[in-house]
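Hi,

Here is the structure I promised to pass on. Have a look at it first, then read my notes below.

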Amino acid sequence: MLHPLPSTMAERLHLLRAFDLLEELPEEALAALAHVAQPGMLHAGEVAFAEGHGHNALLLVLDGALEAIETDAKGVTRCVRRIGRGEAVDELQTLAGLLHGVRVRATAPVRALGVPAREINALCRQHDALRLVRERMHRRQLLCRLSPVFGTCDRELLDTVEEMGAWLSLARGTTTPATTGGTLHLVISGRVQAVEHDAGDALRVIDEAGRGDALGEHTLFNDAAAPLQLRAVRDSVLAAFTAQEIEQLIAQRPAMLRNVLRLATSGSRGNTGIGMPAGCVTNVALMPATEEAPVRELAPRLAQALEAYGPVLRLTAEMVDALTGEPGLAQSLPGTAAETALLAWLDVQESAYRFVLYQADEADTPWARRCVRMADRALVVARAGGDPAPSALERALFAGQDLGAHETLVLVHADGTRPPGGTRAWRTARPTFEDHLHLRWDRDADIERLGRLLAGRAVGLVLGGGGARGFAHIGVLRALEEAGIPVDAIGGTSMGASLAAQYAMGMSPQQMAQINERVWLQLRPHTKYTLPVLSLVGNRKSTFCGQLMYGDIDIEDCWLPFFCVSSNLTTAEMHVHRRGSLLWAATASASIPAFAVPVLDGAHLLVDGGLLNNVPADVMRALGCGTVIAVEVSPGADDAFTAERVPSPWEVIRSRFLSRGPRLRFPSLLEVAMRATMLNSVQREKVAMADADLCLHPPIDGFGLMAFDQLHAIVETGYAYARNALRDWRPPHTRPS
């Protein structure tokens, strides 16, 4: 803090008139500022701002030099800004550094004018001209967030960038017209998506950026680049620079070239799904679907879950008023001076905390609407079993909003004694919501899962196809539970899809073993052959077994987020199932061509997903899981598919049904069909597995694809292998930043 120096009103007024940024202030405002300003000194090495009532919020540098030093999570420090004579630095954008690794300190003795926080806030409300000056200071300080691109910011650079860059303010849900390539958009605050129209003219997200990130970097020096269209996930501010402007800046500051090249060659942050990549979500809003929604009860529990990944600030309207010392500030209306002060304060909190949890009012208030506009992800909370139609409160809070960003429906269940039901009606009533989650109120693990999903630290488990060898997945799941490794989302292909569906429904590994023993060892649907017109195996017994395993529930009614993949014979494309009948999706994923009847999807025919993607770890990654575990049960080379000669049909029949001696060694028709189905996706499987954080390959080569009678031995083999593999392993992305 400043060490005070004696002064007169006339001296302070004279000093203020020397600042270029104050030259347009009316005399009345300048005099009011001189009345509260206090000259003082900072010794070299001292920090400019300190916490506590009455500290200075604004420093106007008369002599000397300051620098803003940022320390990242790895302890590496860098200078993001230098502040010299005639410049101002505002605590609203730098006090956050006291919590977030930034310090503004004197590099040499500094003489400055300091203005206390309460006084400058009051003056800005009384004098619009002074408020505009402060907003310009904020804007210049916001530009310093782009130091990873520009390097250390000083007065000369800020003057150039401020004059050169085009500022763009986007309200939540706003979509810009398409612009030509060759423009770099830097996100100063908020969250923005790059979108494009697909074949059906629907907007598809191709990239997403938060504060300090860039959009359009890949097209910066490409004159033939496709037009770029932007959509604001929440209220956002961007600075846009053409390729020519970037070239001018590089000419002035050659060191920028390395930063720009790094941007241009960096990978896309990608789309999001059930989770978000680590670092994406900062602001989370808890919104009530009805006045009875348990938002007040959920907020502190969710805040506690998020604290595992960094500092969390939970805000209600009352908390905002208390923390700022400004009664009624949280309920300020758009376009007012109070709103400007509120937004600046909230921006500080976003800088200071890993998460800001906005707890909305249970009524249509300005604060509740503010929570919607400030959210990276809005959680709309409702009690399961209630009326699925949007309430008047929900319609009011989202009135005029583009609900295509990151809205998640959270259905709260009293406990897990009754499985979810009727979720499709909730989703149908909210067609633009991105996803939904089921939360059992009596299980802390469910709230911890929600925290991991928001933090981009979710653990996704992918189970590959492989016939009876897939029973090893049951043993892997048992080992994961014993190791305390959570499964936040699950998906798979063919037999992997079937077992993933059962686990997503809430079955334990023991229950999964029991139901699969009933189906595959007792009912044996794979042996019920029919007249080979549409398939070799009949549909009736398979359908009965499917209903026994899955009932009539929808994917939306699973406790865990679930997906499976099938192959579309009509379009030759992979189909990802995330909605609709669980039985229908799992059946499609495991419908081996020629052996089972294809599944109809409209006029399209769907068959086994192993044709195109037998271990869809890439799909799980694209959905946003921070950690992906992939389990492969189909070896690249399979000794079961070797033979000395091709036997006659009679020899096969005699060996399998009439002879008591050793069985003839030759794969069955179904085994050949299953193996052939998986061959096409072998190369893709290698790529997908390489992207996984943990790849498990249970040693099940000794079991045949049709060895359903060896279910328990396969389960135990998978369990013993996974228990050993997981002994010293923990998901890297579940640890705090």
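**What I found**

Let's start with Glu350, which sits in helix H13, the stretch covering residues 337-352. Keep in mind as you read that this is a predicted model.

Is Glu350 buried or exposed? Buried means under 20% relative accessible area, and Glu350 comes in at 5%, so Glu350 counts as buried. Its side chain has a partner, too: a polar contact of 2.7 Å links the side chains of Glu350 and Arg234. If you skip the neighbours within four places in sequence, the residues in contact with Glu350 are Arg211, Arg234, Thr282, Asn283 and Val356. So Arg234 turns up both in that contact list and as the side-chain partner in the polar contact.

Now compare that with Trp584, which belongs to helix H22 (residues 582-589). Trp584 has a relative accessible area of 26%, so this one is partly exposed. Again leaving aside neighbours within four places in sequence, Trp584 is in contact with His577, Val599, Leu600, Asp601 and Leu606. Here's one more distance to try in your viewer: Gln547 is 37 residues away from Trp584 along the chain, and their C-alpha atoms are 9.9 Å apart.

Next, go to the start of the chain and find helix H1, residues 9-16. Which residues of H1 are buried? They are Arg12, Leu13 and Leu16. Looking down the axis of H1, you'll see these buried residues fall within an arc of 100°, so they line one face of the helix. Turned away from that buried side is a face carrying the exposed residues Ala10 and His14.

There is also a helix pair to look at. Helix H18 (residues 472-483) packs against helix H19 (residues 495-505) at an angle of about 40°, and their axes are 10 Å apart. The two cross in a right-handed way. On the H18 side, the contact is made by His473, Ile474, Leu477 and Glu481, while H19 brings in Gly496, Leu499 and Tyr503. Sorted by class, that contact has four nonpolar residues, two polar and one charged.

Finally, the whole chain. How many helices and strands are there? The chain has 27 helices and 29 strands. It runs to 737 residues, and 55% of them count as buried. If you take the contacts between residues at least 6 apart in sequence, 77% join residues at least 24 apart.

Enjoy exploring!

Conventions. Residues numbered from 1 in each chain as written. Predicted model: local features only at pLDDT ≥ 70, side-chain atom pairs only at ≥ 80, totals over all residues. Heavy atoms only, no water. Buried < 20%, exposed > 50% of the residue type's maximum accessible area, 1.4 Å probe, protein only. Helix = DSSP H or I, 4+ residues; strand = E, 2+ residues; numbered from the N terminus. Arc of directions from axis to C-beta. Polar contact = N/O pair within 3.5 Å; in protein donor to acceptor, adjacent residues only side chain to side chain. Contact = heavy atoms within 4.5 Å. Axes fitted to C-alpha atoms, helices over the stretch in contact; angles between N-to-C directions. Left-handed = near helix turned anticlockwise from the far one by under 90°. Nonpolar A, V, L, I, M, F, W, Y, C, P; charged D, E, K, R; others polar.
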